[in-house]
Amino acid sequence: MSINPIKAEKLLNFPNDVSYKARMSLDTMIRIENALGCSLLKLGNRLAGGDLTLTECISILTLAIRAGGNDVKDNDIKGIVDQIGIIEGIKLTGELIALGLNASESPEESSTEKKS
């Protein structure tokens, strides 16, 4: 579920009624690129090719959830991914990467594309 697509925010719901707002702002994307030493687009391509490591997925999830205003650590996210499963964790990572890559669209561009 998207909270505010213009601000690249997404609500992530986990088991046991735990939910976090994640944000893929420009600052968040820069932090991810610096932490992983790779562009977000390359990370997306690596994810699509099955080459993104679980450690990288945890880092992306952690940084995006922190940017959403939550005080979480890598170990918190590791525990959540352990609960929901690796595939679901990778899927959420992909959704956040896609959200970040689409965040540069202006509302006018987005509505123009939908009308076409």
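1. Start with the bridge at Leu12: its partner in β3 is Tyr20. Keep in mind that this is a predicted model, so everything below describes computed coordinates. Another bridge into the same strand, β3, takes Glu9 to Arg23. Both belong to the antiparallel pairing of β2 (residues 9-14) with β3 (residues 18-23), which runs over 6 bridges.

2. The turn of that hairpin deserves a quick look. There are 3 residues between β2 and β3, and Asn16 has a positive phi near 65°. If you plot backbone torsions, Asn16 is the hairpin residue to pick out for its positive phi.

3. Now for the overall layout. The protein has 6 helices and 3 strands. Along the sequence they come in the order β-β-β-α-α-α-α-α-α. Of its 116 residues, 35% count as buried. As for contacts, take the ones between residues at least 6 apart in sequence: 53% of these join residues at least 24 apart.

4. Moving past the hairpin, Ser25 sits in the loop between β3 and α1. Is Ser25 buried or exposed? Its relative accessible area is 17%, so Ser25 counts as buried, the cut-off being under 20%. In space, Ser25 lies 9.3 Å from Leu99, C-alpha to C-alpha, with their positions 74 residues apart in sequence.

5. Leu26 makes a nice contrast with Ser25. Leu26 belongs to helix α1, and its relative accessible area of 61% is why it is classed as exposed, the cut-off being over 50%. So here a leucine is exposed, while the serine is buried. The C-alpha atoms of Leu26 and Ala8 are 9.2 Å apart, for a separation of 18 residues in sequence.

6. The helix pair to check is α2 (residues 40-48) with α5 (residues 86-102). Their axes come within 10 Å and cross at roughly 145°, and the crossing is left-handed. On the α2 side, the contact is made by Leu40, Leu41, Leu43, Gly44 and Leu47. From α5 come Ile90, Thr93, Gly94, Ile97, Gly100 and Leu101. Sorted by class, that contact has 7 nonpolar and 4 polar residues, and no charged ones.

7. What about the largest nonpolar core? This core has 28 residues, and Met24, Leu43, Ile77 and Leu96 touch the most other members. Two or more residues each come from β2, β3, α1 (26-36), α2, α3 (54-67), α4 (74-84) and α5. The biggest share is from α3, with 7 residues. Leu43 is worth noting twice, as a residue of the α2 contact with α5 and as one of those touching the most other core members.

8. Finally, which residues does Leu96 touch, not counting residues up to four places away in sequence? They are Lys10, Leu12, Ala22, Met24, Leu61 and Ala64. That brings us back to the opening point, with Leu12 being the bridge partner of Tyr20 and also a contact of Leu96. Met24, another contact of Leu96, is likewise listed among the core residues that touch the most other members.

Technical notes. Residues numbered from 1 in each chain as written. Predicted model: local features only at pLDDT ≥ 70, side-chain atom pairs only at ≥ 80, totals over all residues. Heavy atoms only, no water. Pairing = 2+ DSSP bridges. Helix = DSSP H or I, 4+ residues; strand = E, 2+ residues; numbered from the N terminus. Axes fitted to C-alpha atoms, helices over the stretch in contact; angles between N-to-C directions. Left-handed = near helix turned anticlockwise from the far one by under 90°. Contact = heavy atoms within 4.5 Å. Nonpolar A, V, L, I, M, F, W, Y, C, P; charged D, E, K, R; others polar. Core = buried A, V, L, I, M, F, W, Y, C linked by side-chain atoms within 4.5 Å. Buried < 20%, exposed > 50% of the residue type's maximum accessible area, 1.4 Å probe, protein only.
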